[in-house]
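Me: I'm new to this one. Can you walk me through its pockets, cavities and cores?
Reply: Sure, take a look first.

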Amino acid sequence: MTPDEYAELDATELALLVQKRDLKSEDILSAARQRAQYWDTGLNFVASLNDAPSELAASHCIPTFFKDLGSHCPSFPFWNGCKLFDGERAPALSNFGRSLIDAGTVPIGVSTAPEFSLEGHTQSELFGKTRNPWDPSRSPGGSSGGAAVAVATGSVPVAHASDIAGSIRLPAAWCGIVGLKPSRGRGSIGPVREEAGFGLANNFVVTRSVRDTAFFLDALSRHFPGDPFELSMPEGGFRAAMNARDPGRLKIAMTLPEPQDGPDAAEIAMAVERVASALEAEGHVIVPVAKPGATPDPEAMIALVTVWHAGFAAQMDQVAARLGRKVDSSTMGPTAFAAYEYSKTIGLDGFLAARHQIFTMRREMGTTLRDYDLWLTPTSAKLPTPWNEVAPIGPGQSLVDHAVEKMFPLFEFTFGHNICGTPAISLPLGQATNGLPIGVQIGAKFGREDDLLRVSKLLESSELWSHARPQNLPEFSDA
């Protein structure tokens, strides 16, 4: 099997061919490494490429990458994109890592991420810029940009990703793949760490097919002793629910980008409207819902950033003391260091006020959307940003100002689902006139990933679904 033949297969097909003994695991892993090495040369999405753990190579067959965030697997180094953590390894396999490996995956390395996932673009002083496979002069998004590039290029069919404001869905949209953020509490990341971002964050995967997403949702919806939540699942699991009888006529809210969202808004709105028309043709009801009634505002982004970084400085001080290092501009990039400085100003009152604001936003969004089964929006009102337009945080600029100015415009349509804890998926359902992919987001009520998967499968078989993938490494120079 050649690397190009391997890249045509999703995880479900790979597992089936190995089960039928038409393919060997070692041939799959060899093809995956070759494919990753080829694409990484120009796109820089691999933080570490390693031999598969020997105990897995003979019995597992689905190559994957762990994201460089959260230290889920002790077989690989992790950095959190930051020099402060250079040389660290996870103390144990996390519950998430165990579930991913138990599903038949073989981790072959670590994908790039910005420092502590603090940006909507994947770059760090440690690893440099990760580039979009559709146009290397542009960003793949963030923070799971390395994971999205790995999947979009066919280097692996599935890759670990995480999401606290849209970091699964934005890179999925900008790289033309599938990215689901599950419901809050759907899986476990213990035992060393608990809820990331006080419940705002999710760990999951990015894929190229809806059936792979359903498979891994079943595999990762595991609960371990001491977990704070245990969510119910549909009878027979999510794959069975995805293939079950159509749920009937759904009432779907639709929110479109507006002209003030930027020069890409009109073209992206057309892509969303085409999806709405396709769903109407299937008998579903589309109801326009204007902003801001169901969309968070910049103040909500500030509250999210505040909760996210409560205690961050104390954690970094502990790491620095353990490793005999300092927390300063030599061990942290400018955004991470701004986060460290901001964290020290939060205090208990500030944290509790931000939590209250998030609770209020959650209630408001829940009230706005209570009469709808699904919520249709763009994943982002922006197309992939040219790297020469990505401005770093300015000297002396606060993390809050940076988040409102740079992050809110990218994640305007995604981070409400983190606040509410509701599931949302980005699907490759559009293509801009310049050839770049457009992601369309569909959200559902809490715990109703089954509704998302049924509709996603329907759209995957439509003419709107983009099966295109970058086939050759484009020539590119920074000059």
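Reply: A term before we start: helices and strands here are DSSP runs, numbered from the N terminus. Also, this is a predicted model.

Me: Good. Which helix gives the most to the lining of the largest pocket?
Reply: Helix 12 does, with six residues.

Me: What volume does the largest pocket have?
Reply: About 1000 Å³. Its lining is made of 43 residues.

Me: Which of those lie nearest the centre of the largest pocket?
Reply: Gly70, Asn80, Arg193, Ala196 and Gln315.

Me: And which elements give two or more residues to the lining?
Reply: Two strands and two helices are listed. The strands are strand 4 (88-89) and strand 8 (158-163). The helices are helix 11 (298-309) and helix 12 (312-323).

Me: How do the lining residues of the largest pocket divide by class?
Reply: 20 are nonpolar, 15 polar and eight charged.

Me: Next one. What about the second largest pocket's volume?
Reply: About 370 Å³. Its lining has 21 residues, and His121, Lys382, Thr385, Glu389 and Leu410 are the closest to its centre. By class, that lining has nine nonpolar, five polar and seven charged residues.

Me: Switching to cavities. How many are there of 30 Å³ or more?
Reply: The structure holds four. The largest cavity has a volume of about 330 Å³.

Me: Which residues are closest to the centre of the largest cavity?
Reply: Gly185, Gly187, Ser188, Ile189 and Ala201, out of 23 that line this cavity. Strand 10 (residues 202-207) supplies the largest share of the lining, three residues. The lining counts are nine nonpolar, eight polar and six charged.

Me: Now the largest nonpolar core. Which residues touch the most other members?
Reply: Phe45, Phe65, Phe216, Leu376 and Ile442. The core has 81 residues. Helix 3 (residues 25-43) brings the largest share, seven residues.

Me: Why would nonpolar side chains be buried together?
Reply: It's a general tendency in soluble globular proteins.

Me: Back to Ile442. What does Ile442 touch, not counting residues up to four places away in sequence?
Reply: Among its contacts are Leu374, Trp375 and Leu376. Pro423, Ala424, Ile425 and Leu427 are on the list too. So are Leu452, Val455 and Leu459.

Me: Last thing. Which residues does the second, separate core include?
Reply: Leu118, Ile164, Ala320 and Val400 are among its 55 residues.

Key:
Residues numbered from 1 in each chain as written. Predicted model: local features only at pLDDT ≥ 70, side-chain atom pairs only at ≥ 80, totals over all residues. Heavy atoms only, no water. 1 Å grid on protein atoms, 1.4 Å probe; cavity = no way out; pocket = protein on both sides within 12 Å on 5 of 7 lines; lining within 4 Å. Points joined across faces, edges and corners; volume = space filled by probe spheres on them. Helix = DSSP H or I, 4+ residues; strand = E, 2+ residues; numbered from the N terminus. Nonpolar A, V, L, I, M, F, W, Y, C, P; charged D, E, K, R; others polar. Core = buried A, V, L, I, M, F, W, Y, C linked by side-chain atoms within 4.5 Å. Buried < 20%, exposed > 50% of the residue type's maximum accessible area, 1.4 Å probe, protein only. Contact = heavy atoms within 4.5 Å.
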